[in-house]
There are 2 protein chains.
Amino acid sequence: LRLNRFFVLFLVAFAVLFIAFGQSKPAGTPAHVPTYTEDGRLLPPVGYREWIYLTTGLDMSYTASAGMDGMRKFDNAFVNPEAYHSFLQTGTWPDKTMILLEGRPAESNGSINKAGHFQGQDLMGIEVHVKDEARGGWAFYAFDSDKPAEMIPKVASCYSCHQGHAAVDTTFVQFYPTLLPIAKQKGTLSSSYLKDESKATK
Amino acid sequence: LRLNRFFVLFLVAFAVLFIAFGQSKPAGTPAHVPTYTEDGRLLPPVGYREWIYLTTGLDMSYTASAGMDGMRKFDNAFVNPEAYHSFLQTGTWPDKTMILLEGRPAESNGSINKAGHFQGQDLMGIEVHVKDEARGGWAFYAFDSDKPAEMIPKVASCYSCHQGHAAVDTTFVQFYPTLLPIAKQKGTLSSSYLKDESKATK
């Protein structure tokens, strides 16, 4: 009887510790979820430079005119780690995905650099594409300061363009070099993207 | 006596579990350290796309001729998370730092993109700059396949150029927009970099 009681208590202690250490997130890595003000504005995501990097474009434009008045711009894309790891498994995005685009000036002739472009320190705006089923699905937000941002209205052209041309779940995975092969393999490419691609190769 | 023996065993069990769960890294986040073959070649770093992103350059060159024969190239820079977090605290790099440069083709006119450049799927080589005190400090390695790479000999020009012009500890922190302000604040900018900058502003 003595051994028995002892053994049970030992098991309970083990179970408690296992749950405590096994299930809680390790310190310093809280979950990354979109956070809103009471009136529904999105708070600027914190620490996104430690999220997963997706890609960078330079002066990307959906119209033929480069425009920009000589001002050249890099756009760096990041995604929260939970969504990235889910994409690797499924080829698409889970609820609470945040894809963030950070603009940086494309500078030249600095330090020993004589040709090409490197990124400057000034932030040129932050845009976030958030999938939040509790708030009607994907939505865009644009930040030009550290203040919360209102949702860009769903009639804006970004929504229809992403809907009509984006490779996976209204996101431009065709420009994410490490994720496009996964979407192909998992069969998650959108019919509108496949239609665009089939037109382009004709 | 019964209680006492019981209590000691309980403490031992607790201590064992605490050490096991508390000190080991949580599952899925092993330490990122340079790993070598027996004859001293560096193994290609695994999973670096999940490291911390530093910056991207386009066609960066230290000579005035762009060259490249019309082939345009993005370079994405990543660093292992341990080194990044240490830099945030100290303004310089700890032992076992790995800074990795990944080349990607700069493509145009794909999907709906009509101007500017986005990154293609082909890898155009990987270079790693490793700080390993046990092997004589900073060293460069270049990979063009998934085979281990020999250290680039220390007489190569990359070493003298990094030594002579890099902002922090022989690394080009002047091109990492989020880290340069930290190095300034911590006072870790190299004297050779400060000399270059003071010449440039004259």
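These are my notebook entries on helix packing and aromatic rings in this predicted model.

**Entry: two helices in chain A**

I started with helix 3 (residues 157–165) of chain A and helix 5 (residues 191–200) of chain A. Their axes lie 6 Å apart and make an angle of about 70 degrees. Angles of 65 to 115 degrees count as roughly perpendicular, so I put helix 3 and helix 5 of chain A down as roughly perpendicular to each other.

Next I asked myself which residues of helix 3 and helix 5 of chain A meet. From helix 3 I listed Q163(A), G164(A) and H165(A), and from helix 5 S192(A), Y193(A) and D196(A). Sorted by character, the residues of this contact are four polar, one nonpolar and one charged.

**Entry: aromatic pairs**

I then turned to the rings, and the count over all chains came to 17 aromatic pairs. One of them joins F78(A) and Y53(B), with 5.5 Å from centre to centre and 70 degrees between the planes. Planes over 60 degrees apart count as edge-to-face, so that is how I logged F78(A) and Y53(B).

I was pleased to see this pair cross between chains: F78(A) sits in strand 2 (residues 73–79) of chain A, and Y53(B) in strand 1 (residues 52–61) of chain B. Are these two residues buried or exposed? I found both F78(A) and Y53(B) buried.

F78(A) and Y53(B) also belong to one aromatic cluster, which I wrote down with its other members Y48(A), Y53(A), Y48(B) and F78(B).

**Entry: arginines over rings**

Last, I looked for charges over ring faces. R135(A) lies over the face of Y36(A), 3.5 Å from the ring centre. In chain B, I noted R135(B) over the face of Y36(B), at 3.5 Å from the ring centre.

Definitions and conventions: Residues numbered from 1 in each chain as written. Chains lettered and ligands numbered in written order. Predicted model: local features only at pLDDT ≥ 70, side-chain atom pairs only at ≥ 80, totals over all residues. Heavy atoms only, no water. Axes fitted to C-alpha atoms, helices over the stretch in contact; angles between N-to-C directions. Helix = DSSP H or I, 4+ residues; strand = E, 2+ residues; numbered from the N terminus. Parallel < 35°, antiparallel > 145°, perpendicular 65-115°, else oblique. Contact = heavy atoms within 4.5 Å. Nonpolar A, V, L, I, M, F, W, Y, C, P; charged D, E, K, R; others polar. Phe/Tyr/Trp six-rings, centres within 6.5 Å; stacked < 30°, edge-to-face > 60°. Buried < 20%, exposed > 50% of the residue type's maximum accessible area, 1.4 Å probe, protein only. Lys NZ or Arg CZ within 6 Å of the ring centre and 35° of its normal.
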